[in-house]
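Please walk me through this fold, starting with the sheet and then turning to the helices and the cores.

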Amino acid sequence: MTEATRDQIMAQRAQRPRENWFDEEYVSYWIDEQDQRANERMRQFVRIRALVPKDPRQEFRYINVGAGAGHLDEVLLEHFQGAHATLQDGARGMLEAARQRLRRFESRVDYVQADLATPDWTEALTGPFDVAVSSIAIHNLRQPSRIRQIYSEIHDLLDAGGLFLNLDYVRVTRPGFSAFAPWAAKDADAGFSYARGGGGSPGTVEEQLGWLREAGFAGAECFWKEFQVALLAGMREALLVPGAE
Ligand SMILES: C[S@@+](CC[C@H](N)C(=O)[O-])C[C@H]1O[C@@H](n2cnc3c(N)ncnc32)[C@H](O)[C@@H]1O
């Protein structure tokens, strides 16, 4: 990343409206902003896609928790032609934008507007799901106690062979580590991205893996991490990866 691009990102951050997912104006602003980060986001979505243990034509059901405008779902539904998606989000504007984006997959998608703040968000859902995914969403709940409950609620929505893939912000173990992202991004050959932030991350990787295990997941792993973004996985009981012994 060049210095000019970095300066541009900083200037845009200074102008951004206050984050509020229940404010339609902020939601529209956020959706518009995503096009500028398309490459960075696509790399993250493709990582999630690569970890879904299904063949492209295999039938399965997945839920996207805090799905937003359906950017990840576009990537998943395009690749997994046998997949049926349930997009859950609290913001009406996000689900409307997702509906537009995913129009061509119409019969393979359900939309559920529900607030993750309380356990009743699962009431409108019909499980079990084979896979649960989430990207940069659950940290918004801020409180570790609520996030731990959400992990447990997601666990209960999954089939016994189910997998939860959660790409989200994580907290660094010591404040001093947060300075490394802008520092390391200066060496463009390394391929680090300064744009990957970590605002308000409620737990470190170690804590989050513990929360997944406490929630009932038989196994919890961190498959990928860069600075304050991590891709965590929870295996409900036993998992079948195509082609594995
Ligand atoms: C940073 S956006 C990410 C959207 C999408 N997962 C993506 O990666 O493109 C965060 C999402 O979490 C949703 N969200 C935040 N707080 C929520 C809550 N309490 N209940 C339900 N959804 C919430 C927002 O509406 C928004 O769609």
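The helix H2 is taken up later; the sheet comes first. This is a predicted model. Its open sheet has seven strands in the order E3-E2-E1-E4-E5-E7-E6, and the pairing is mixed. Strand E3 (109-113) and strand E6 (219-226) stand at the edges with a single partner strand each, so one side of each has no neighbour in the sheet. From one strand to the next, the twist averages 15°.

Strand E7 (residues 229-235) sits between E5 and E6 in the strand order. E7 pairs with E5 in the antiparallel sense over seven bridges, and Asp168 stands opposite Ala230 of E7. Seven bridges also join E6 to E7, again antiparallel. Along this pairing, Ala220 stands opposite Gly234, and Glu221 has Ala233 as its bridge partner. E6 and E7 form a hairpin with two residues between them, and Phe227 in the turn has a positive phi of about 50°. Six of the seven residues of E7 are buried, so this strand is largely enclosed by the rest of the structure.

Two helices lie across parts of the sheet. Helix H6 (residues 144-157) lies across strand E1 (60-65), strand E4 (129-135) and strand E5 (158-169), and runs at about 145° to E5. Helix H8 (residues 205-214) lies across E5, E6 and E7, and runs at about 155° to E6.

Helix H2 (residues 24-33) shows how a helix can divide into two sides. Its buried residues are Tyr26, Val27, Trp30, Ile31 and Glu33. Viewed down the axis of H2, these residues fall within an arc of 160°, so they line one face of the helix. An α-helix has 3.6 residues a turn, so residues three or four places apart point the same way. The buried residues of H2 pack against helix H3 (38-51) and helix H5 (92-101). Glu25 and Asp32, on the other side of H2, are exposed. At the start of H2, a side-chain oxygen of Asp23 comes to within 2.9 Å of the backbone nitrogen of Glu25.

Which residues touch the most other members of the largest nonpolar core? Of its 31 residues, they are Tyr62, Leu77, Leu87, Val109, Val133 and Leu165. Leaving aside residues up to four places away in sequence, Leu87 touches a set of residues including Asn64, Leu95, Ala98, Leu102, Val109 and Tyr111. A second, separate core has 28 residues, among them Leu125, Phe129, Val170 and Ala230.

Conventions
Residues are numbered from 1 along each chain as its sequence is written. This is a predicted model: local features need pLDDT of at least 70, side-chain atom pairs count only at pLDDT 80 or more; totals for chains, interfaces and linings use all residues. Side-chain values use heavy atoms; hydrogens and water are left out. Buried means under 20% relative accessible area, exposed over 50%, partly exposed in between (1.4 Å probe, protein chains only). Helices (H or I, at least four residues) and strands (E, at least two) are DSSP runs, numbered from the N terminus. The arc is that of the directions from the helix axis to the C-beta atoms. Contact means heavy atoms within 4.5 Å. A polar contact is a pair of N or O atoms within 3.5 Å; within protein, one must be able to donate a hydrogen and the other to accept it, and residues adjacent in sequence count only if both atoms are side-chain atoms. Two strands pair if DSSP finds at least two bridges between them. Axes are lines fitted to C-alpha atoms, for helices over the stretch in contact, and angles run from 0 to 180 degrees between N-to-C directions. A nonpolar core is a set of buried Ala, Val, Leu, Ile, Met, Phe, Trp, Tyr and Cys residues joined through side-chain atoms within 4.5 Å.
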